[in-house]
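I sat down with this one to look up its pockets, one residue ahead of the helices, and the nonpolar cores. My notes follow, in the order I took them.

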Amino acid sequence: MRLRCPTPSAWVAEVLADFDAFLLDHAACERKASAAALGLVAHYPDRPELVRACVAVAREELEHFERVWELLHERGLVLGPDRPNPYVALLSREFRKGADAYFLDRLLATALTEARGCERFGLVAAALPDGRLRDFYRELARTEVRHHELYVDLARTYFDDGSVDARMDELLDAEARVAAALPVRAAVY
């Protein structure tokens with residue numbers, strides 16, 4: 001992962017101070033990640049490599065959602081209404097027009113979202129005491145690395161390395177601006 005803007009330490013403190021809010025947001029993010037993978041399948045059904053990979057990711061993200069929901073249930077929390085994610089909304093503003101450009105941007109932005117999730121789940125795991133919750137977030141961080149790599153690999157399946165690398169470089173800058181601009185809150189992004 002090559003993120004250009006590290007998450008500030010204040011973010012970890014905010015998450016630990018309101019872990020219930022973080023879990024509620026995390027559940028929503030996992031549900032949306034599953035839906036996003038299936039959205040790619042729906043938009044690009046003629047690309048078998050993508051369909052196979054994204055169906056597997058959607059299933060895994062839905063399993064993560066279920067596991068987070070179980071944590072919420074144990075804490076007596078109830079899922080809230082779906083809210084737009086400001087990080088994803090700002091990052092999606094970078095998508096270019098044109099079928100191929102949009103497709104590449106969508107794959108790479110999803111890869112970056114997974115990379116940011118990996119970084120943040122790793123930070124949460126490092127801050128939690130030994131136990132089941134810490135193990136869960138360590139596992140999630142490893143999974144996010146795989147998802148990040150998968151979306152980059154899909155981009156390389158459909159586009160030449162030079163195009164992928166050049167656009168990733170631009171989107172890394174955009175992602176850093178987005179991450180730095182958002183307020184610190186007890187949320188994944």
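**Entry 1: pocket linings.** I began with the make-up of the largest pocket's lining, and by class I found 14 nonpolar, five polar and eight charged residues there. A reminder to myself: this is a predicted model. The volume of this largest pocket comes to about 590 Å³. Its lining has 27 residues, and Lys32, Ala33, Ala36, Val88 and Thr113 are the closest to the centre. Next I asked which elements give two or more residues to this lining. They are α2 (19–43), α4 (86–92), α5 (99–127) and α6 (132–158). The biggest share is from α2, which supplies 10 residues.

**Entry 2: the next pocket.** I then turned to the second largest pocket, with a volume of about 320 Å³. I noted 19 lining residues, and the ones closest to the centre are Leu24, Asp25, Ala28, Pro81 and Arg83. Which element gives the most to this lining? Here I met α2 again, with eight residues. By class I listed 11 nonpolar, two polar and six charged residues for the second largest pocket.

**Entry 3: Thr7.** I went looking for Thr7 and found it in the segment before α1 (9–17). Is Thr7 buried or exposed? Its relative accessible area is 10%, and the cut-off for buried is under 20%, so I put Thr7 down as buried. I then checked what its side chain does. I found a polar contact of 2.8 Å with the side chain of Arg120, and another, of 3.4 Å, with the side chain of Arg116. Setting aside residues up to four places away in sequence, I listed Arg116, Glu119, Arg120 and Leu123 as the residues that Thr7 touches.

**Entry 4: nonpolar cores.** A general point I kept in mind is that nonpolar side chains tend to be buried together in soluble globular proteins. In this model I found 29 residues in the largest nonpolar core, where Phe19, Phe22, Leu23, Phe121, Val124 and Tyr137 touch the most other members. I traced the elements that give two or more residues to this core, and they are α1, α2, α3 (48–74), α4, α5 and α6. I picked Val124 for a closer look: beyond its neighbours within four places in sequence, I noted contacts with Trp11, Val15, Phe19, Phe22 and Tyr137. Last, I wrote down another core that lies apart from the largest one; this other core has 24 residues, including Phe103, Val152, Phe159 and Val164.

Methods. Residues are numbered from 1 along each chain as its sequence is written. This is a predicted model: local features need pLDDT of at least 70, side-chain atom pairs count only at pLDDT 80 or more; totals for chains, interfaces and linings use all residues. Side-chain values use heavy atoms; hydrogens and water are left out. On a 1 Å grid over the protein atoms alone, a cavity is a set of points where a 1.4 Å probe fits but cannot get out, and a pocket is an open set with protein on both sides within 12 Å along at least five of seven lines; lining residues have an atom within 4 Å of a point. Grid points are joined across faces, edges and corners, and a volume is the space filled by probe spheres set on the points. Helices (H or I, at least four residues) and strands (E, at least two) are DSSP runs, numbered from the N terminus. Ala, Val, Leu, Ile, Met, Phe, Trp, Tyr, Cys and Pro count as nonpolar, Asp, Glu, Lys and Arg as charged, and the others, Gly among them, as polar. Buried means under 20% relative accessible area, exposed over 50%, partly exposed in between (1.4 Å probe, protein chains only). A polar contact is a pair of N or O atoms within 3.5 Å; within protein, one must be able to donate a hydrogen and the other to accept it, and residues adjacent in sequence count only if both atoms are side-chain atoms. Contact means heavy atoms within 4.5 Å. A nonpolar core is a set of buried Ala, Val, Leu, Ile, Met, Phe, Trp, Tyr and Cys residues joined through side-chain atoms within 4.5 Å.
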